[in-house]
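User: Please take a close look at one part of this model. Then work outward and connect it with the rest.

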Amino acid sequence: MRNRSWIMAAVATAGVVVGAALYVDASETGHADVDVAASISPSPPAEDWCVGTRTSPADGDAPDDSPLNRTLARIDKLAAGRYADVYTGMGVDEDADAADVWRIPSYDFDTAACDAAEEGVKLRLHPADVDRRTLDALAERISEDMTRWDGTFQLREVGVDERGFVRVGVDDPKKAEPLVEKEFGPRYIEVEYVDQAYAAER
C-alpha cells in the first residue's frame with residue numbers, strides 16, 4: 001500500500017543546510033505520492049467498506065487516468081471542501097484497486113465517498129478521531145525548527161500518517177518522547193527511531 005498523505009522534514013548530513021519539505025498537491029489535502037510502505041504496518045480491517053458502481057468514462061491518454069485515480073481525485077475534492085472537518089487521510093492499495101480512507105465517522109461523508117467511487121474500486125473506511133487540518137497544523141508546529149533539540153536528540157522526520165497521527169522520527173526515542181509530548185501534548189503523536197537522512201551524491 002502506498003501512503004498518499006506524508007509530510008516529511010529531514011535533517012541532512014554535516015555541511016548540508018537543514019531542510020524541511022512539505023509534500024502536498026494542488027488540492028492542499030496532504031495527498032502525495034510518497035512510498036513509505038516499508039515504514040507503515042498493514043491497515044487494520046475496515047469497519048465499513050463499499051465497492052464503487054459509478055460508470056467510468058473512457059480512459060484518457062494519461063497513464064494515471066484510471067478508475068482508481070479518478071476516484072481518489074474526487075475524494076480529494078470532498079476532503080478539501082464540505083467534509084474537511086471529518087476527513088483524516090487516505091492510503092492507496094493499487095494491487096487491489098482499492099483505497100483505505102480514515103475519517104471521523106460520518107454517514108454523509110461515507111455516502112459521498114462511495115458515490116464517488118467508480119465501478120470496481122473498493123473503499124475501506126476506517127474510524128479516526130481527528131481531522132487532517134488538525135494533524136497538518138500539529139506537524140507544522142513540530143517541524144518549524146528542526147534543530148531546536150540538538151544536543152539532546154536529533155529530530156529527523158515529521159510526517160502526517162493517514163491513519164490519524166503525526167509520526168515523529170528521531171535518533172533517540174527514549175529521550176525524545178517525553179520532551180516532544182511535554183511541548184506539544186501526547187495526543188496524535190507517535191515518536192519512533194529513524195535512520196539519518198543522507199544527501200544524494202552529485
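Analyst: Start with Val170, which sits in strand S9 (residues 165–170). Helices here are DSSP runs of H or I with at least four residues, strands are runs of E with at least two, and both are numbered from the N terminus. The model is predicted: local features need pLDDT of at least 70, side-chain atom pairs count only at pLDDT 80 or more, and totals for chains, interfaces and linings use all residues. Residues are numbered from 1 along each chain as its sequence is written, and side-chain values use heavy atoms, with hydrogens and water left out.

Val170 has 0% relative accessibility, so this residue counts as buried. The classes are buried under 20% relative accessible area, exposed over 50%, and partly exposed in between, with a 1.4 Å probe and protein chains only. Which distance in space separates Val170 from Asp195? From C-alpha to C-alpha the gap is 7.9 Å, while the two are 25 residues apart in sequence.

Now the frame around that strand. The protein has 4 helices and 10 strands. Along the sequence they run β-β-β-β-α-β-β-α-β-α-β-β-α-β. The protein has 202 residues, and 46% of them count as buried.

Arg103 gives another contact between separated positions. Arg103 belongs to strand S6. Its relative accessible area is 2%, so Arg103 is buried. The C-alpha atoms of Arg103 and Asp129 are separated by 7.4 Å, with their positions 26 residues apart along the chain.

Asp129 leads on to the charged pairs. Side chains of opposite charge can pair when their charged atoms come close. The term salt bridge covers a side-chain nitrogen of Lys or Arg within 4 Å of a carboxyl oxygen of Asp or Glu. Asp129 forms one with Arg187, at 3.8 Å from N to O. Asp129 lies in the loop between S7 and H3, and Arg187 in the loop between helix H4 (173–184) and strand S10 (189–193), so the pair ties together parts that are 58 residues apart in sequence. Asp129 and Arg187 are both exposed.

How many salt bridges does the structure hold? The count is 13. Take Asp93 and Arg124: their side chains meet at 3.1 Å, N to O. This pair links distant parts of the chain, with Asp93 in strand S5 (residues 87–93) and Arg124 in strand S7 (residues 122–127), 31 residues apart. Are Asp93 and Arg124 buried or exposed? Both are buried.

Arg70 and Asp65 form a further salt bridge, with the closest N and O atoms 2.7 Å apart. Arg70 has a relative accessible area of 12%, which makes it buried. Asp65 is at 23%, so this partner counts as partly exposed. The pair is also part of a network: Asp65, Arg70, Arg74 and Glu118 are linked by salt bridges.

There is a covalent link as well. A disulfide is a pair of cysteine sulfur atoms within 2.5 Å. By this rule the count is 1. Cys50 and Cys114 are joined, S to S at 2.1 Å. The link is left-handed, with -100 degrees about the S-S bond. Cys50 lies in strand S4 (residues 48–51) and Cys114 in helix H2 (residues 107–116), so the disulfide connects distant parts of the chain, 64 residues apart. Cys50 is buried, at 12% relative accessible area.

Check the backbone next. Asp97 is not a glycine, yet its phi is positive, at about 55 degrees. It sits in the loop between S5 and strand S6 (98–103). Asp97 is partly exposed, with a relative accessible area of 29%. Tyr188 is another residue other than glycine with a positive phi, near 65 degrees. Its place is the loop between H4 and S10. Tyr188 is buried, at 19% relative accessible area.

Last, the surface. Glu140, Glu144, Asp145 and Asp150 gather there in a patch of negative charge. Such a patch is made of residues with over 30% relative accessible area and no salt bridge, like charges being joined within 9 Å and nonpolar side chains (Val, Leu, Ile, Met, Phe, Trp, Tyr) within 5 Å. Areas come from the Shrake-Rupley method with a 1.4 Å probe, and for residues only the protein chains shown count as cover. Lys and Arg count as positive, Asp and Glu as negative, while His and the chain ends are not counted. Each charge is placed at NZ of Lys, CZ of Arg, CG of Asp or CD of Glu. Within the patch, Glu140 is in helix H3 (residues 132–143). Glu140 is partly exposed, at 41% relative accessible area.
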